[in-house]
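Here is a short note for a colleague opening this structure for the first time. Please keep the view at hand while reading.

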Amino acid sequence: MAVSGGGPGFFTSRLSDGIAWARKWSLFPYPFVTACCGMEYMSVSSAHYDLDRFGAAWPRFTPRQADMLLVVGTISHKMAPVLRMVYEQMCDPKWVVAFGVCTCTGGFYDNYATVQGIDRIIPVDCYIPGCPPRPETVLDALMKLQAKIQKQRHGLTGPVRPAHTDSNA
Amino acid sequence: MDSPARSGPHTLTAMPEPTHDDPTIARLRAEFGDAVLETHAHRGDVTAVIRADRYRDAVRLLRDDPECDYDFLTDLAGWDRLKLRQTPRFEVVLHLYSLSRNARFRLKTRPEDNAEPVLDSIVDIYPAANWPEREVYDMFGIRFTGHPNLKRILMYEGFEGHPLRKDYPFNKRQPRVVEREIPDDRPGMIF
Amino acid sequence: MTVMDIPHSDIADWAVDTTLRSDTTLSTRAMLLNMGPSHPAMHGVIRIVLALDGERVEDADIEIGYLHRAFEKESETVGWGQVFPYTDRLNYVSPIINNVCYAMGVEKLLDIHPTERCEYIRVISSEVSRITDHLTCVAASAMELGAMTPFIYLMKAREYLYELIEELTGARLTISYVRIGGVKADFPPGWLERLDKALDLVLREMEDVDVLLTRNRIFIDRLKDVGVISKEDAWSLGFTGPLLRSTGMPRDLRKDEPYSIYDRLDFDVPVGTVGDNYDRYLVRMEEMRQSVRMIRQASRQIPGGPVQVDMSGRPLTGAQMVDAAKMGMTADLLLRTVRPDPTLDGADKKSAQAIRTADRRVSLPPKEDTYGNIEGLMNHFMLIMEGEGIKTPPGEIYIANEAPNGELGFYMVSDGSGRAYRVRCRPPCFYLMQGMDRMIIGDMIADVIATFGTVNMIAGELDR
C-alpha cells in the first residue's frame, strides 16, 4: 500500500527490507577468474576464510543462474567483449564486484593490452583494491555490498531499482 | 622516458671470450663459411649469427649432425634492434639444447628487409617452433614462410601494429568494446 | 561451458570435414563446441574450440592471449630492479621461483654472485613456492573432477605455507622478495622451526588426500590412460617439467644443470611411465615430498645461523637514527647498531652482510651507511633515482631454472643503460599448451577437463 505522495509505504518498505535480507544472504557469485586474484578467491572460499558464512559459497558458473558477477583479475582488451557479454547475459537483480586493483583501475598494467578498470565496460557496485586483496578485505567488501543491497529498494512485482542508472548499463 | 642508448652504437658481439674451439662453431664454420657472421660466448653462452638465407640449412645441420645433435628447441624469440641503431633491424634468436651432450647453443639470424621482414619457418624441423613463430609474427611482424597457421596468438584480430616493436608506444590501447562514460555521482552509493 | 557465437572466420580455415556424412543408417556431422574463455576451471582464461563427433574430440583449436598483460614491454620501461613485481605475476602460484630466475639472469649479466646464505634462503623459499604450486594444481584438478574435499584440505595446507611466506616477505601471493644480488630480508627468528612444523601439517593433509584420491576407483578411471602423450612427442614439442617427466624422461634442471646450491642437496626426481594424467598427478605428489626433503636438508646446512642483532652497543631504533641523521648528528652513527622497523627487515648492516652481495653496483647500502655517511647516501641515490639504477654491461644471456611447470627461462639483452633492452620470458606452459591438442584429440569432452587440470596451465605465465 503506497502512501499518496509517492514515497514508500510501511508495508512496501518492510517487504523491501525482507527481500533485501534474503537476497544479501544468498548471493550466487559468478567468479569471472582470470589472474592472480583467483588464488585469493580460492583462499577466501576455502575453510580458513570462509565465504560460506555469508551464504555466498556456491559459485554458479553460468550467468543465467548467478546474481553477483565477481570479476577477479586483470581484464585485457581481448577479454573485454567476453566480460560485456557475460554481464549482459545475467538477469536482474545483479551486482558487480571489481576484485583486485587491476579491475578497479587497471593496476600497474598501464599498457596497450589492459583495460584500465572494468567500470569502463560495465557498471560496478563494489571495488576491492589490493594486489591481490587479502581475504579479510574481500570479506569486508562483501559486507559492504550486503549493506548496499539492504539499502536498495526491492519489490515483488518490479525489478529492483538498479544502483547505477545510465544508458550504457 | 626514452633515454638514448648510453654507449652509442655498438655490436653486442664486441664482448670478451670468443670460443673458436667449440665443436658446434667449428662445424658451422666448416659448413657455411662466411655465412656465419658473428660468434661469441658471453658469460658462457655459445652463440653464432647466421645469414638469413642459410638459416634453415643451419638449423637442419644443428639437429642432424652427430657432433651437434641439438634435439630440443628451448625457445624461439625475436627482438628489435632499432634503438641500438643496428641493421638489419630484427633478429630472431633460437635456443637449442642437446640431450646427449648436455650442451646449449644459441643461433641468431636477421631477416634482411626491415620493412617487411621474412624468414623461413622451421616448424617441420622442430615442431616446438609452431607457437613461438606465431608469437614473433604477432609481436614483431616477421613473417615465416611455410608456417601452417601464421596468425596472431596473443593479440586479437583487428589489432593494428606489432606491439613489441620499439616504435610502438607502450600504452597505445586499441579498445574492442566501446567504453562507457563513468558518471561522477551514482545513486545508490553509500560509501 | 558457454556456447558462444564465434566471431571470427577461423572456422572456415580449418581442415575439419563438417559436411554431412552418411553410413548405412545414420548421417552425422561434426559439432563445434566452444569452451569459452570464461569457464569453470579455475586455472585461467583460455579458449578451446572443439570439433566433436558425439562426445569424442576430433579436432581442437586452442586460443590464448586473454591475459596478455605486456610483461615484456613493461620491463623495457622500468629499471632492472623494478621488474620484480611483474615477474611475481607470471606464474602467480609460485612467485618466488620467477623472482629467483630473473635475479639469476641479471646477476649473470653482471657476473656477480649472491652470498651463500642467500642462496640457501632462495632455495628454501623456492621449494616452499613449488609446494604451493603443486598443492594448487592437485586441488584444482581434483575439484574439477568433482572431488571437493581434497580441494578444501589442500587449501588448508596451502594456508599454513602462506602464513609463513607472509611472515618472511610481507605478502601472501605477490611477494617481490628477491633482489638483484640478494633477497629482501633474512628469515625471521624461529621461522625455520615454524616451517618444519608447518611442513609436518602439510604432509599430513597430503596423506589425507592421498588416501582419498590415489586408489579411488573413480579418480583412476577419470585419469588413467587419458591425455596420453609419448616421450618422443613431448620432447619434440618442447615439453619440460612434470609433464615431460611423466612420459618417462628424467629431465630436471636441478639435477642436469644444477644451479645455486642444488648440487649439495640429495633428492630424487620422480618419473612416470605412461604419460597420462594419472602419472602427472603422482609425479606432482611425489615432487612435493621431495621438496619437503630438500627444505629440511637445506635448513640443516644453511650457514650463518640466525641473524644476531648486536644489542651490546647502544642500539637505536630506526626512527631515532633517522632523526639524528637529519639533524646532522652523524658523527657516531657508524658506531651504533640500529634496530630498524620490521618492514625494513634486512636493511641493517648485520643482516645485509648475510643476505646480499656487497657489490655496490647492485645492492642498496644498509641503513647505517645510508644515513651515516655521504658515500652510502650517494650509493643509495644512484641505485634508486630515475635515469640511474643498476647498470649492466652490454650483452645478452639466457638463464633457466626449474619452475614447477617446467623450464622457466629468461633471455635478456642489455644495452648498457639502467633498463632492460629486451626481456623475453620462456614460459613452460606455452610449450605445454602447444601440445595440448595432441593430448585431447581422441578423448571425450569430459577428459578435456581432466587433462587441462593436470597440465597446470597458468595464464599469467602463458600469456605474460
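The points below take the two interfaces of chain C in turn, then the confidence of chain B.

1. **Status of the model.** This is a predicted model. Please read each point below with that in mind.

2. **Chain C against chain B: extent.** How many residues does the contact take from each chain? Chain C gives 54 residues and chain B gives 56 residues. The two chains bury about 4500 Å² between them. Of that area, 56% lies on carbon and sulfur atoms. Three residues deserve a look here: K73(C), E396(C) and Y421(C). They supply 17% of the area that chain C buries against chain B, more than any other three residues.

3. **Chain C against chain B: polar links.** Nine salt bridges cross this interface. A salt bridge joins the side chains of D75(B) and R424(C), with N to O at 2.7 Å. There are also 31 residue pairs in polar contact, both partners at pLDDT 80 or more. On the side of chain C that touches chain B, strand β10 (residues 395-403) gives the most, with five residues. By class, that side has 21 nonpolar, 13 polar and 20 charged residues.

4. **Chain C against chain A: extent.** This contact takes 38 residues from chain C and 35 residues from chain A. Chain C and chain A bury about 3400 Å² between them. Carbon and sulfur atoms carry 66% of it.

5. **Chain C against chain A: polar links.** Three salt bridges are counted between these chains. In one pairing, R172(C) meets E40(A), and the closest N and O atoms are 3.0 Å apart. Polar contacts link 19 residue pairs across this interface, both residues at pLDDT 80 or more. Which elements of chain C each supply at least two residues of the side that touches chain A? They are α2 (71-75), α3 (84-88), α5 (116-144) and α6 (148-169). Among these, α6(C) gives the most to that side, with nine residues. The classes on that side are 21 nonpolar, seven polar and 10 charged residues.

6. **Confidence in chain B.** Chain B averages a pLDDT of 83. In this chain, 84% of the residues score at least 70. Where does pLDDT stay under 50 in chain B? It does so over residues 1-16. For this stretch the model has 32 contacts beyond four places in sequence. Where pLDDT is low, predicted coordinates should not be read in detail.

Technical notes
Residues numbered from 1 in each chain as written. Chains lettered and ligands numbered in written order. Heavy atoms only, no water. Contact = heavy atoms within 4.5 Å. Buried area = accessible area lost by both parts, 1.4 Å probe. Salt bridge = Lys/Arg side-chain N within 4 Å of Asp/Glu carboxyl O. Polar contact = N/O pair within 3.5 Å; in protein donor to acceptor, adjacent residues only side chain to side chain. Helix = DSSP H or I, 4+ residues; strand = E, 2+ residues; numbered from the N terminus. Nonpolar A, V, L, I, M, F, W, Y, C, P; charged D, E, K, R; others polar. pLDDT = per-residue confidence, 0-100.
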